[in-house]
Amino acid sequence: MAGRFIISEDGQGGFRFALVANNGQTLAVGEGYPTKIACVNGIETVRRNAPEAVIEDQTGATLGDQGL
């Protein structure tokens, strides 16, 4: 089973989503959206773009620096 997106109210009258793994760990949190439909559209944008997304490392560190 894949992770899930959870939509919640942000306390300021808007909405946010979180991508949560099966083990309950929050993997990503979206920005605040003014409406629930805008929040759902944000989720759909992540779904469309994430499978093709590349990793762009701007830290300057190499994986070898991390023991990998």
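## The sheet

In this predicted model, three strands make up an open sheet whose order is E1-E2-E3, and the pairing is antiparallel. E1 and strand E3 (26-29) stand at the edges with a single partner strand each, so one side of each is left without a neighbour in the sheet. On average, and with direction ignored, neighbouring strands of this sheet are turned by 30° against each other. As a general matter, strands of a sheet pair through backbone hydrogen bonds, in either the parallel or the antiparallel sense.

## Pairing and hairpins

E1 and E2 pair in the antiparallel sense over six bridges, and one of the residue pairs involved is Glu9 with its partner Phe15 in E2. The hairpin of E1 and E2 has five residues between the strands, and within this hairpin Gly11 takes a positive phi near 85°. Gln12 also lies in the loop between E1 and E2, where its relative accessibility of 74% is the reason why it counts as exposed, the cut-off for that class being over 50%. Although Gln12 and Gly32 are 20 residues apart along the chain, their C-alpha atoms are separated by 9.1 Å.

E2 and E3, which also run antiparallel, are joined by three bridges. Ala18 has Val29 of E3 as its bridge partner, Leu19 is matched with Ala28 of E3, and Val20 is matched with Thr26 of E3. The hairpin of E2 and E3 likewise has five residues between the strands, and here Gly24 is the residue that takes a positive phi, near 95°.

## Helix H1

Helix H1 covers residues 36-49, and at 1.5 Å a residue its 14 residues should span 20 Å; the end C-alpha atoms are 20 Å apart, so the expected span and the one in the model agree. The buried residues of H1 are Cys39, Gly42 and Ile43. They cover an arc of only 100° around the axis, which means that they lie on the same side of H1. The general background is that an α-helix has 3.6 residues a turn, so residues three or four places apart point the same way.

The face of H1 that is turned away from its buried side carries the exposed residues Ile37 and Arg48. On the other hand, the buried residues of H1 pack against strand E1 (4-9) and strand E2 (15-20), and in this way the helix is connected to two of the strands described above.

## The nonpolar core

The largest nonpolar core consists of five residues, namely Phe15, Phe17, Tyr33, Cys39 and Ile43. E2 and H1 each supply at least two residues of this core. Cys39 and Ile43 therefore appear both among the buried residues of H1 and in the core itself, with the arc of only 100° placing the buried residues on the same side of the helix.

Phe15, a member of this core, touches Cys39 as well as a series of other residues, including Ile7, Ser8, Asp10, Glu31, Tyr33, Pro34 and Lys36, when residues up to four places away in sequence are not counted. Its contacts also include Glu9, which is its bridge partner across E1 and E2.

Key
Residues are numbered from 1 along each chain as its sequence is written. This is a predicted model: local features need pLDDT of at least 70, side-chain atom pairs count only at pLDDT 80 or more; totals for chains, interfaces and linings use all residues. Side-chain values use heavy atoms; hydrogens and water are left out. Helices (H or I, at least four residues) and strands (E, at least two) are DSSP runs, numbered from the N terminus. The expected span of a helix is 1.5 Å times one less than its number of residues. Buried means under 20% relative accessible area, exposed over 50%, partly exposed in between (1.4 Å probe, protein chains only). The arc is that of the directions from the helix axis to the C-beta atoms. Contact means heavy atoms within 4.5 Å. A nonpolar core is a set of buried Ala, Val, Leu, Ile, Met, Phe, Trp, Tyr and Cys residues joined through side-chain atoms within 4.5 Å. Two strands pair if DSSP finds at least two bridges between them. Axes are lines fitted to C-alpha atoms, for helices over the stretch in contact, and angles run from 0 to 180 degrees between N-to-C directions.
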